[in-house]
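This briefing is for a reader who is new to the structure shown below. It takes the topics one at a time.

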Amino acid sequence: MSDPSSADRPVVTRIAPSPTGSLHIGNARSALFNWLYARHTGGKFLIRIEDTDRARHSEAAVQVIFDSLNWLGLIPDAPPVSQFARADIHRGVVETLLERGWAYHDYMTTEEADEAKAVARAEGHALRSPWRDRTPGPEQGDQPFVIRFKTPMDGETVIDDRVRGVVAFPNKDLEDFVLLRTDGTPIYNLAVAVDDHDMGITHVIRGEEHLSNAARQILIYRAMGWEVPAFAHLPLLVGADGAKLSKRHGAQSVGEFIAAGYLPEAVRNYLARLGWGHGDAEIFSDAQAIEWFDLKDVVRSPARLDLVKLGHINNHYIRAADIPRLTALTAQIHADRGLPQSEAQDALLARAIPLVREGAKTLLDLADLTAFVLKKRPLPLDEKTSKLLDEEGRGRLDRLSAWLDTQSDWTAAPLSKALQAFAESEGVGLGKIGPALRGVLSGGAPAPDLASALEALGREESLGRIADALSQVQ
RNA sequence: GGUCCCUUCGUCUAUCGGUUAGGACACUAGAUUUUCAUUCUAGGAAGAGCGGUUCGACUCCGCUAGGGACUGCCA
C-alpha cells in the first residue's frame, strides 16, 4: 500500500491557475511557495494553465496570469503548458481506466443523478451510479453519457500531506466523480492527475481547498499505477474579517495590488509571511527566503490578509528602492492622473522622492507626497495662507526671502539652520513663520518639513513661489 | 446531512513537555515638532472550553464549542 517515493527525484513544482481574468492573491501566494521550494531545492518551477473549461477561456485572461507572475518575479523554468491542448492525452488515460475496470459509462440524466445523490446520502455514502455495475445494451444507442471513476466502496485513501500530516478519507464518502463530460472533454481531477504525472511534478503545493481533491487524484494515480507525488496543502488566505476573500475586501488580485502601488518585492516578502515563518524574521531578501523556506515550516491555520502590515513592509521597500526606479514609477502615476510627463518633471521628482519617501506606504502615497513640486507657478493661494499673509506676515515673508537668498548651500540641513536663525533674528518661534511659508511653497498640497520642501523645489522655484505669493497679496 | 481541515495578543507568527509565553504590524501614552508624517521612549494586549496522560502541558490524547473546505458534466 506504500507508494513509490518521489523523495529522491529532483524537485519539480508547478502553479496551475485557471484563466479567470485575474490572478488571485491566494494563487500568487501558492506560486510563491512553489517557486521558493523549487529554488530552495535546486529544482524546477513550472506553470500550467487550467483551461479545460472552454466557456470561461480567453487569451487575454491567460495573458493576465503571465503578466502577474512576471510582475511578481516568479518566472517558470519552462514554457507554460496548456491543459486544454492535452485533452487527447486525457481521453487516452480514460480509455486505459475503462479497460482496467476503473471507469464506466454513465447514462444518467441530470435529474436521475440528482436523485441518485439523494439516495446515496440517505444510505450514508457519496454518489454511486447504478451504471457502475451495468453494461450498456443496444437500447442505450447513442444516448449521451459521461464517464465516471469507479471509486471503491470500502477502504480509505490516505494522503501523507507535507504540511497537514496523514489525512485519511473513507472511500465510500468520495463520489464516483466525472472524468469525461458528455461532449467528451476532460474534467479537472482527471486532467490534473494526468498532467502532474506527465510533467513529472514531484511536489503538488496548492491551497487547502484541494485537500479532498488530492484523494480523488490519488485514486487515479493508483489505478494507473503511477508514482504519487508529495502533496502540501497550504492554509487558505482569507479577508481581514476571516471570511473568504471577496470583492468587498478590496484588493484580491495581483493586478489590484499593482494598481494600489505596492512593490513586487514587498508583496513577495509579505506573502511569504502568510502561512510560513522563519523565527522572528519579518523583513528578508529573496535569497534569505529561498535559503530558509521549507514545507515543514508551513503553518496549518488560515491567514488573514492585513493590508496595514503590507503597507508597513511596502514602506520599508520604498525606502530601500533606487531613486530612478521610484521616479519612473511615480512619474507614471502622475501621468495616469493627467499630468504631462517631461524630463524636467522627472528631475524634480527624483530630487523630491528621497525627501518624502519615509512617509509613503504605497507608490500612490509617493505620488501624493511629491505632487507639490510638480505644481506650476504661480500657485493659487489657499484661504488659510492668504489669512496668514497680513501686513506682518508679508513683511516677514519678504525678509525671509532675502535671508534665504543669501544661502549658498541649498540643501535641507543648512536650510533648516537658516530657518531657525531667521526665526531668532525676528524674535519669534518658527510657528510664526512655518505655516505661511508652507502654504506658499506647497499651495495646500502635502509637503515634507520646510527645509526638505525648499530643497526639493530648488532655490529658484522656492524663491519664485514666495515672490508670486507676495505679489498676489500686495 | 456526510467527509476532512483549523483554533497562541486585534492581525501575522515564535514556542517543538519545564519560558516572566518572544517578535512584527496595529493600538495607547509621553518626547521631538512649522502641517502630515518620520524618529525616540514607555505601555497594554494571547494559549476557545472541559476532561485526561505526566512530577510538570500552549505543546500529547479525548470530548465540546466555534470557524472553514469539499461534497458540480467549475477549477
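How far does helix α16 reach from its first C-alpha to its last? In this predicted model, α16 spans residues 412–426 and reaches 21 Å, close to the 21 Å expected for its 15 residues at 1.5 Å a residue. Glycine 427 follows α16 and has a positive phi, near 75 degrees. The points below are grouped by topic.

**Overall form of chain A**

- Chain A contains 19 helices and 12 strands.
- The radius of gyration of chain A is 32 Å, whereas the globule rule gives 23 Å for 474 residues; the value for the chain is well over that figure, so chain A is more spread out than a compact globule.
- Taken along the principal axes, the box filled by the C-alpha atoms of chain A is roughly 105 × 45 × 40 Å.
- Of the 474 residues in chain A, 38% are buried.
- Among contacts in chain A with a separation of 6 or more, 77% join residues 24 or more positions apart.

**The largest nonpolar core**

- The largest nonpolar core has 114 residues, and those touching the most other members are Ala28, Leu32, Tyr37, Val94, Ala232, Ala352 and Leu366.
- Helix α1, residues 25–41, gives the most to this core, with nine residues.
- Tyrosine 37 touches Val11, Thr13, His203, Ile205, Phe293 and Leu295, when residues up to four places away in sequence are not counted.

**The surface near RNA strand B**

- There are 63 residues around RNA strand B, and Glu50, Ser301, Gly359, Leu430 and Gly434 come nearest.
- By class, this surface has 25 nonpolar, 17 polar and 21 charged residues.
- Helix α4 gives the most to the surface near RNA strand B, with four residues.
- Other elements that each supply at least two residues include β7 (165–170), α6 (211–224), β12 (303–304) and α10 (307–320).
- Helices α17 (434–442) and α18 (450–457) also each supply at least two residues of this surface.

**Helices α17 and α18**

- Seven of the nine residues of α17 are buried, so this helix is largely enclosed by the rest of the structure.
- The buried residues of α17 are Ala436, Leu437, Arg438, Gly439, Val440, Leu441 and Ser442.
- These residues of α17 pack against α13, α14, α15 (391–405), α18 and α19 (459–473).
- Helix α18 is mostly covered as well, with seven of its eight residues buried.
- In α18, the buried residues are Leu450, Ala451, Ala453, Leu454, Glu455, Ala456 and Leu457.
- The cover over the buried residues of α18 includes α12 (343–356), α13, α16, α17 and α19.

**Backbone details**

- Most residues other than glycine have a negative phi, and most peptide bonds are trans.
- Glycine 443, just after α17, takes a positive phi of about 65 degrees.
- Glycine 458, just after α18, also takes a positive phi, of about 90 degrees.
- A cis peptide bond runs from arginine 377 to proline 378, with omega near -5 degrees.
- Proline 378 lies in the loop between α13 (363–374) and α14 (383–388).

**Two residues in their surroundings**

- Is isoleucine 290 buried or partly exposed? Isoleucine 290 has 16 other C-beta atoms within 10 Å, so it is partly exposed.
- Isoleucine 290 is placed in helix α9, residues 286–292.
- Without its neighbours within four places in sequence, isoleucine 290 is in contact with Leu36, Arg39 and His40.
- Isoleucine 290 and leucine 36 are 254 residues apart along the chain, and their C-alpha atoms are separated by 5.3 Å.
- Threonine 52 lies in the loop between β2 (44–49) and α2 (59–72).
- Threonine 52 counts as buried because it has 23 C-beta neighbours inside 10 Å.
- The contacts of threonine 52, leaving aside neighbours within four places in sequence, are Gln83, Phe84, Thr185, Pro186, Ile187, Tyr188 and Ala191.
- The C-alpha atoms of threonine 52 and glycine 359 are separated by 46 Å, and the two residues are 307 residues apart along the chain.

Definitions and conventions: Residues numbered from 1 in each chain as written. Chains lettered and ligands numbered in written order. Predicted model: local features only at pLDDT ≥ 70, side-chain atom pairs only at ≥ 80, totals over all residues. Core = buried A, V, L, I, M, F, W, Y, C linked by C-beta atoms within 7 Å. Buried ≥ 20, exposed ≤ 12 C-beta atoms within 10 Å, placed from the backbone. Contact = placed C-beta atoms within 7 Å. Expected span 1.5 Å × (residues − 1). Rg over C-alpha atoms; globule rule 2.2 N^0.38 Å. Near = placed C-beta within 6 Å. Nonpolar A, V, L, I, M, F, W, Y, C, P; charged D, E, K, R; others polar.
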